[in-house]
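Please open the structure in a viewer and keep the sequence panel at hand. The stops below give a selection and then describe what is to be found there.

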Amino acid sequence: MKNLNFLRTIWRGLLLGLLLVCVIKGMEGWRVIPKAVWNANINAVHCLDEKNVWIVGNSNLMAYSLDGGKTWIDKNPGISNNWTDIFFVDDNNGWCIGNGGKILYTSNGGYTWQQQVSNSTVNLNKIFFVDYRTGWIVGNVGTILFTENGGRTWTHQNSGTNYDLYSAFFLNADTGWVLINGYSSSSNIRIVLSTKNGGKSWETPSTFYLRYAQEIVFTDSQNGWIIANSGEIYRSTDAGLTWARQASGTSSDLYAIQFVNPHQAWIAGRYGVILNTTNGGQTWQKQSSGFSGDLFDLHFISNKNGFVVGSAGKLLNSIDGGQNWQSLNSGTNYILYSLCFADSLHGWIAGNLGTGVLGSSSVVLHTRDSGETWTTQNIPEIQEIRAIFCTDSSTAWAVGRTGKVIQTVDGGNSWSFQQTETTELLYDVYFSDILNGQLVGGSGVINFTTDGGRLWHTPQTGKTDHSLFTVFMHNALNGWTAGYYGHIFRTRDGGITWWKQNSPVTGYTTNLNDIFMTDSLHGCIVGDDGVILRTTNGGEKWKQINSNTFRDLRGICFINPAKGWTVGYEGLIFTTIDSGKTWVKEYSRTAANLHAVYFTDSRHGWAVGENGTILKYEGGRRYWADIDDNGRVEVIDIQMVAARWGYRSGQPGYDPRCDVNDEGIGDGLIDIVDIQLVANQWGWPELQEGFLKSTPVITQNSVIAEWIKSENQPDGSILLELHLSGANNPVAFEAEIGFNPATTQIISIKNGHLLSYPDRTVIQLGPEAIESGISRIGACSFGKNLKGACEGALLQISYKTTEDISIPFRINNLQLMDAAGRLNAISWKNSHCQESINLPGTFKIFPNYPNPFNSGTMIQFYTPVSGSIRLVIFNIKGEQIGELKMNHEKGMHHIQWPGTDNFGKQVPGGLYFYRLEAGDWVANGKMVKLN
């Protein structure tokens, strides 16, 4: 279970190391609309905080939520498995384990996962880390894996048993317990293993026997609990030597337990059982989950907010300590094939339940609020709807199997059948106006209507035997259709006659899935295997465009002749701002296969696909970027922003035109984000869509970063340089430097000579908050001369330290920009420099250091506002023994607790709890004092 911290810290940025995918608060981007649904068992849940939640389960299930479970984003790690547990030690570092000895690791909060070598093929059951280096994994056949370097290497520890190990819990790097499941024909298995030396040796000091034990937890070095099948709960008050049974009030199997403090805990189990105690387990009360299936795991982030997961994808959340539980599984598992909007508010989506095979149920969803909520409409019995099209907020058509067409003229309140001249599966429908429409389908079926669908007719010429998957009409007369194996046809008489056009993929096994023409000459078609075709002459010639993907593309939409989107499998979304000549990948927040995309204007767009996925695009807001108002965003704009970096609203030099972070009026601070936004737009004239693009280009060449130490200086300090090689025309940089202010003193931080050369002026930005433990520094250079390829010191740090490590600094979010406004990819020669501390946008508490401690420990925290803070210390009985108060400014701070009570007397060794209060914000933690 996840008892390492009682309150996990806040993520910074929407996911986790994806460098500036969305640098502007509220800037354009995609978000998931419905709540997710999973059919597989969810085996584990882990909360980073009340908003950021991860789940894993069977059938390769991995997903995360950024809003407390309201919406979910599928995260396919790229390795098929049944995942059994997930564990994060901080915002960045996390591990996931599963069957067959599989271990995954992330260093960027889950944006990417890498497989670690376990040297094992058994099923792994539980994972526990005490810090980002030191952790254990337990599994079947007595397997205990240990790492002391974050999982770069895993070694086997001798458990002394071949029975399956189900649970592990550690108080620190030395003291821990492991639980044997104990299933055997005999009942004399000592189920508790313990260690006092980090697992170098494991003992079974307890003679406690129990079959089907499930999980073990401890609140301190003496008090622990074991849960098992048949509702059995046992408590130890002597470090696990003896165990006494507690009354649970249930006979259901119990699978997961968590204590949020020494008094309050929850247990989850079979048949939806949830138990709660508020008196340290002396009594347990049932809580109603409203679920009759199995609950496998739970995680409370506070004594009020918690999540429980279980069989058939069940996910429950409580915000009142379990008095009430809400199911977060209210989405659908429909495959959504098509969507159409009449305006920015009113739209329809159509699809099917299951896999879209014969006999599957169909669904039509409708929205009146721009896709924030969707309601299911009552439709006649029609199988496998593949397409829907609307001409206004009242009138729409949907088509499906056996030539069925249904129509509504009252916004979907009622639907009626229309008669066609085919029994084939219909794949697409398009109306140029309320009267003139086309539909296409299997075996080359084309029908057209000139009276709104009351009568449908077959074309006179142009018959084909190949299935047609898409049709598009520029007006009532001019249109195109395409489909099986790359075939393309065109009409100029409203569908009465069709003739074949030359296609560069005809004869290949490449199906063409969707077409969009911006006028009678220009348009694009997308298809399987990443195919994109483009024409500038109405289809007389189609040219294949490089899409940089081999995944199937299923939908395409343009909002003007330049700007468009295409979507496809595995959550792919590409956008173009040059009429389809080039395509750039966008961050979709899903791994589901997407089938259709629709935009009403540059600010409103939607995409739909499998697993009931509905994405909504919000963007196109106007921001200041052309600072000198000459109609182009160019390098002078970057310079003007850079020169003002660090200025706050109301201070001399602050220019609101340079503060472009939020809704065009800024966030009150001109900082590196403003430089990045302007840099990304450099060179775009105002009327082009690229003028507003928010995702910076990252250069392919990798700049090598390396720490280089000099000899001690005369004053006893050490000089450290951050040396870069491979940089090309560098003009600006920013870096956050993390360190421990309790052990390291910075004498000075300044720019190196990398940006300084003739005919260029360098403005140093910062450093800021040197005393806080995180310092930000940057620089911007401008002038006529550019240096080209170069190398040298980017920054210099003079410091003194008592830490016994080579380099006591961590670099977070180093960004280097060249003269073209592109960000350089950074590769570290010193691998430990990739360790990072994220500076959040809200309150954040860091683990106290050292822990355990002798004479005192430091508690670090970050606050986004100025004010007062209160630290309260509690003993294991919940009694308040100490209190500290301080006033603080915005930024990083620390409070030193000397290990004394309110009377200045040293407290005895043991487990202590602390509560940090700043206004309405409260965080909790625990620490161990040594004797």
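Select D220 together with N223: in this predicted model, the side chain of D220 reaches the backbone nitrogen of N223 at 2.8 Å. Add Q222 to the selection; its backbone nitrogen lies 2.8 Å from a polar atom of the D220 side chain. The D220 side chain thus has a polar contact with the backbone of Q222 and with that of N223.

Now display the segment around this residue. D220 belongs to the loop that connects β17 (213–218) with β18 (224–228). Is D220 buried or exposed? With a relative accessible area of 7%, D220 is buried, because the cut-off for that class is under 20%. Its contacts beyond four places in sequence are L171, W177, I876 and L911. For a distance check, select the C-alpha atoms of D220 and A239: they are 8.4 Å apart in space, with the two positions 19 residues apart in sequence numbering.

Step back into the strand that precedes the loop and select Q214, which is found in β17. Q214 also counts as buried, at 12% relative accessibility. Its side chain and that of N229 are joined by a polar contact of 2.9 Å. To see the surroundings of Q214, show its contacts outside the four nearest places in sequence, among them Y166, S167, L179 and N181. The contacts of Q214 also include I227, A228, L254 and Y255.

Next, colour the aromatic residues. How many aromatic pairs does the structure hold? There are 40 of them. Select W95 and F129 as one example: the ring centres are 3.6 Å apart and the planes meet at 15°, so this pair is stacked. W95 is in strand β7 (residues 94–98) and F129 in strand β10 (residues 124–129), so the pair ties together parts that are 34 residues apart in sequence. W95 is buried, with a relative accessible area of 0%, and F129 is likewise buried at 0%.

Keep the aromatic colouring and select F87, F128, W136, F146, F169, F170 and W202, which form one aromatic cluster. Then move to Y337 and R386: R386 lies over the face of the Y337 ring, at 4.3 Å from its centre.

The following stop is a strand pair. Select residues 604–609, strand β53, and residues 614–618, strand β54; the two run antiparallel and are joined by five bridges. Within this pairing, H604 stands opposite E618 of β54. Strand β54 is mostly covered, four of its five residues being buried. The hairpin of β53 and β54 has four residues between the strands, and N611 there takes a positive phi near 60°.

Finally, colour the chain by pLDDT. The mean for the protein chain is 81, and 80% of the residues reach 70 or more. Select residues 355–359, where pLDDT stays under 50 and the model has 10 contacts beyond four places in sequence. Residues 679–697 also have pLDDT below 50, and this stretch has 67 contacts in the model beyond near neighbours in sequence. Where pLDDT is low, predicted coordinates should not be read in detail.

Methods:
Residues are numbered from 1 along each chain as its sequence is written. Side-chain values use heavy atoms; hydrogens and water are left out. pLDDT is the predictor's confidence in each residue, from 0 to 100. Contact means heavy atoms within 4.5 Å. Buried means under 20% relative accessible area, exposed over 50%, partly exposed in between (1.4 Å probe, protein chains only). A polar contact is a pair of N or O atoms within 3.5 Å; within protein, one must be able to donate a hydrogen and the other to accept it, and residues adjacent in sequence count only if both atoms are side-chain atoms. Rings of Phe, Tyr and Trp (its six-membered ring) pair if their centres lie within 6.5 Å; planes under 30 degrees apart count as stacked, over 60 as edge-to-face and the rest as tilted. A charge sits over a ring if NZ of Lys or CZ of Arg is within 6 Å of the ring centre and within 35 degrees of the ring normal. Two strands pair if DSSP finds at least two bridges between them.
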